[in-house]
Amino acid sequence: MDSPLSGIRVLEIGDRIATAYCGKLLRDAGADVVMIEPPAGHRLRRYRPFGVAPSAGDSPFFSFLAGGKRSVTSSTVTAEMLDSADIVILGATPAQAAELGLDSDTITARGTSLVTVSDFGWTGPWTEWPATEFTLQGWCGSTGSRGEPDRPPIAVGGDLGEFIAGSYAAFFALAAHRGGGPFDMSVLEAMTTSMQVFSWLRKELMLLEVVGRSTEVPSVERAKDGYVGISMATGQQWQDFCAMVDCSDLADVPELRFQIGRWEQRDLIRARIADFFATHTVAEIVELAALFRIPMTAIGNGATLPDMDHFIERESFQDHPSGFQAPRSPWRMSDTPPLPPALPPTLGDTDTTWSAREPQPRCGGLPLDGVRIIDLTAFWAGPTSTHLLAMLGADVVKIESVQRPDGMRFAGGFRPDVERWWEYSWVFHGVNSGKRSVTLDLGSEEGRKLFGTMVAEADVVVENFTPRVMENFGLSYEELRGFNDQIIEIRMPGFGLDGPWRDRVGFAMTMEQLAGLAWLTGYPDGLPTAPRGACDPLAGVHAAFLTLAALEHRRRTGRGQLVELPMIDVVLNASALQVIEHDAAGVLLTRRGNRGHEFTVQNVYACTGEDQWIAVSIRHDGDWQALKDVLGQPAWACDLAYTEDAAELIDAHLAQWSAGRSRDDAAAVLLRAGIPAAPVVQPPDVIDNPALTARGFFQPVPHPLCGPLPYPRPPVIGQFVNSPAPLLGQHNLEILSSSLRLTAHDVARLEGDKVVGTWPLGL
């Protein structure tokens with residue numbers, strides 16, 4: 001079968017996971033991806049995590065990310081290479097690009113689509129500052145929000161931020177290919193919009209101080225024979241949970257319906273539920289929770305994941321030709337399945353004689369102008385995908401119902417001082433700006449008829465229900481094709497359209513707990529800890545990427561298709577290293593706190609003042625030599641080599657040094673020395689970040705109830721936010737009368753019959 005991106009040629013330049021994963025997504029969707037490697041080879045060819053002994057040949061992780069690509073070795077990028085490529089993914093700062101003989105103007109002047117990927121972007125005050133995934137988590141507010149108050153803040157384990165950035169880069173690559181860009185992408189911005197829950201909006205919308213360091217209550221609990229992960233986003237789920245664990249009296253406490261109230265009463269709740277978990281096995285608890293429709297799961301890791309029955313039945317893991325098991329590509333397309341895994345290229349395996357490509361036309365407006373999206377999604381993952389599409393020009397019509405509005409409107413909390421309190425949810429605002437809102441009861445015959453008329457005029461339908469919902473409405477993909485035989489449908493079920501777990505309820509934290517990210521996150525002597533929802537936007541960006549891939553395929557063939565993107569399969573790819581290394585090396589990676597699995601010395605360090613911390617990574621001997629200068633060339637460090645044996649000593653002295661300095665001064669001293677460092681900020685404080693402000697990441701737009709709000713734009717330079725998140729049913733009359741040609745009398749009748757409306761039933 002043809003692939004969605006067949007014939008598209010991509011140059012992948014850079015040595016970070018984000019660019020490698022971007023190239024993998026493009027290659028798996030059919031693009032011809034050529035890596036430009038330095039003569040010594042890509043950094044990841046030699047990458048092995050802490051605890052895994054080095055070995056000859058390419059690392060398994062590199063083989064996973066680079067499979068099916070081609071390789072050219074060169075210390076510069078020639079004009080002939082640029083002229084051959086449709087898209088260039090450039091993972092470099094401006095100074096690093098200049099060393100390759102590149103700059104943005106040179107690339108785009110040749111008609112090549114460009115996405116630059118760098119820590120802080122190519123514009124702004126910090127373009128050349130050093131950073132790592134770990135320090136970027138400090139900058140974006142992720143680390144500062146996580147952990148117990150009496151212990152240090154804790155970063156997400158693994159390289160989740162790099163996978164988030166890589167999926168964004170793949171999306172913008174296809175947007176650039178449609179005539180957009182060039183796109184100057186900041187990894188910090190990608191992580192800020194994905195690894196914390198828009199806390200600056202939360203503070204403004206809810207008029208309250210945001211809780212500092214915390215974990216969800218309940219989140220991960222010890223069962224009789226292992227760990228169970230729990231994720232609850234609604235008050236109903238909390239009430240059902242209380243019934244399940246025989247604590248029905250707690251269900252009647254109003255403040256416990258919301259996470260902030262449960263955190264304040266965490267000791268009471270943990271004590272009350274401990275006996276239930278201690279006396280039941282993981283399997284018993286998960287099975288019972290499924291009956292109550294409460295998202296619960298076993299805590300997975302590199303050893304247990306491939307043997308889970310759901311993954312076996314769905315063939316979620318494949319034998320890689322390099323000799324290990326790895327997750328398959330996270331999507332299925334009805335007409336154009338992803339390419340199978342393949343061997344990585346040998347260094348410099350591609351002839352540098354390049355054929356010229358056809359000139360790529362540039363669009364005058366946004367790359368998705370004229371595309372109509374019907375958005376049936378709710379909560380965070382699905383709305384992230386349609387939000388990205390809206391920001392790049394698509395007309396996104398969000399469909400809810402008065403019977404069942406988007407649950408994220410209610411997950412934010414209750415404000416007693418406003419009438420329509422559900423319009424103040426910060427996460428809803430963060431991923432729904434730029435959309436129009438219609439309410440339709442799809443359970444009614446008239447609602448389905450109106451929906452069919454909308455589908456007939458649309459390009460894409462996106463939904464993230466459990467599989468049974470669309471079928472119960474009588475709106476399977478075949479029914480949608482009856483309205484429009486070229487329609488593309490993106491389905492985002494948590495666990496997939498088939499398999500033993502297809503009907504289970506699951507949120508992002510469920511997937512993080514199941515797929516191994518929680519296993520790697522947390523204190524070494526404590527419980528696994530969920531990254532806290534970042535896999536919602538991770539899945540959403542993947543869905544947006546696949547929407548553009550399906551549109552590209554339809555442009556060439558005239559055929560729409562069904563795209564299945566289970567969130568669990570996306571998260572398995574982001575945590576692939578655990579399964580790969582367990583299978584290839586027999587090593588089970590586990591929690592190392594803030595130490596991570598790559599650098600010899602990395603940690604958070606307390607500074608003067610209450611709860612003030614800096615995040616620091618010492619990447620290599622060059623950073624170690626610079627740190628010795630910062631410390632004043634002390635005698636103890638004079639002849640000390642930067643090895644694992646010296647890690648504890650260096651860590652202790654760095655902690656002593658930071659303890660006598662303010663947070664911001666300590667970070668500034670290290671950064672001036674070229675050492676990656678960051679203040680560990682609280683999530684709301686990112687709004688004061690000078691780099692984000694200088695690059696226009698926050699784009700104020702007035703909301704009819706909430707006033708001006710600093711909406712986040714996508715993580716690329718440009719003005720994208722032009723309208724706020726919509727009120728429930730705000731555009732009913734506009735869309736039903738203009739697009740569907742109903743009269744005001746017709747709309748009033750539909751309101752009386754509760755087919756449409758602007759007020760949730762029961763409130």
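Me: A helix here is a DSSP run of H or I that covers at least four residues, and helices are numbered from the N terminus. Which helix is Gly23 found in?
Reply: Gly23 sits in helix 1, which covers residues 17-28. Keep in mind that this is a predicted model.

Me: Why is Gly23 called buried?
Reply: Buried means a relative accessible area under 20%. Gly23 has a value of 2%, so it counts as buried.

Me: What makes a residue a contact of Gly23, and which residues does Gly23 touch beyond four places away in sequence?
Reply: Two residues are in contact if they have heavy atoms within 4.5 Å of each other. Leaving out residues up to four places away, Gly23 touches Glu12, Val33 and Lys69. There is also a link in space to look for: the C-alpha atoms of Gly23 and Gly166 are 8.1 Å apart, although 143 residues separate them along the chain.

Me: How do you know whether helix 24 is mostly covered or not?
Reply: Take the same cut-off, under 20% relative accessible area. In helix 24 (residues 567-574), eight of the eight residues are buried, so the helix is called mostly covered. Among them are Met567, Asp569, Leu572 and Asn573.

Me: What makes a set of residues a nonpolar core?
Reply: The members must be buried, be of kinds such as Ala, Val, Leu or Phe, and be joined through side-chain atoms within 4.5 Å. The largest such core has 168 residues, and Leu26, Leu160, Phe171, Phe172, Phe545 and Leu627 touch the most other members. Helix 7 (residues 160-177) gives this core its largest share, 13 residues. Another core, of 29 residues, lies apart from it and includes Val461 and Leu736. In soluble globular proteins, nonpolar side chains tend to be buried together.

Me: Which residues is Leu627 in contact with, aside from neighbours within four places in sequence?
Reply: Leu627 contacts Ile618, Ile650, Leu654, Leu670 and Ile675.

Me: Now the whole chain: how many helices and strands does it have?
Reply: The protein chain has 31 helices and 23 strands.

Me: Why is the protein chain said to be as compact as a globular protein of that length?
Reply: Its radius of gyration is 25 Å, and the globule rule gives 27 Å for 763 residues; the two are close, so the description fits. Buried residues make up 63% of the 763 residues.

Note on methods
Residues are numbered from 1 along each chain as its sequence is written. This is a predicted model: local features need pLDDT of at least 70, side-chain atom pairs count only at pLDDT 80 or more; totals for chains, interfaces and linings use all residues. Side-chain values use heavy atoms; hydrogens and water are left out. Helices (H or I, at least four residues) and strands (E, at least two) are DSSP runs, numbered from the N terminus. The radius of gyration is taken over C-alpha atoms; the globule rule is 2.2 Å times the number of residues to the power 0.38. Buried means under 20% relative accessible area, exposed over 50%, partly exposed in between (1.4 Å probe, protein chains only).
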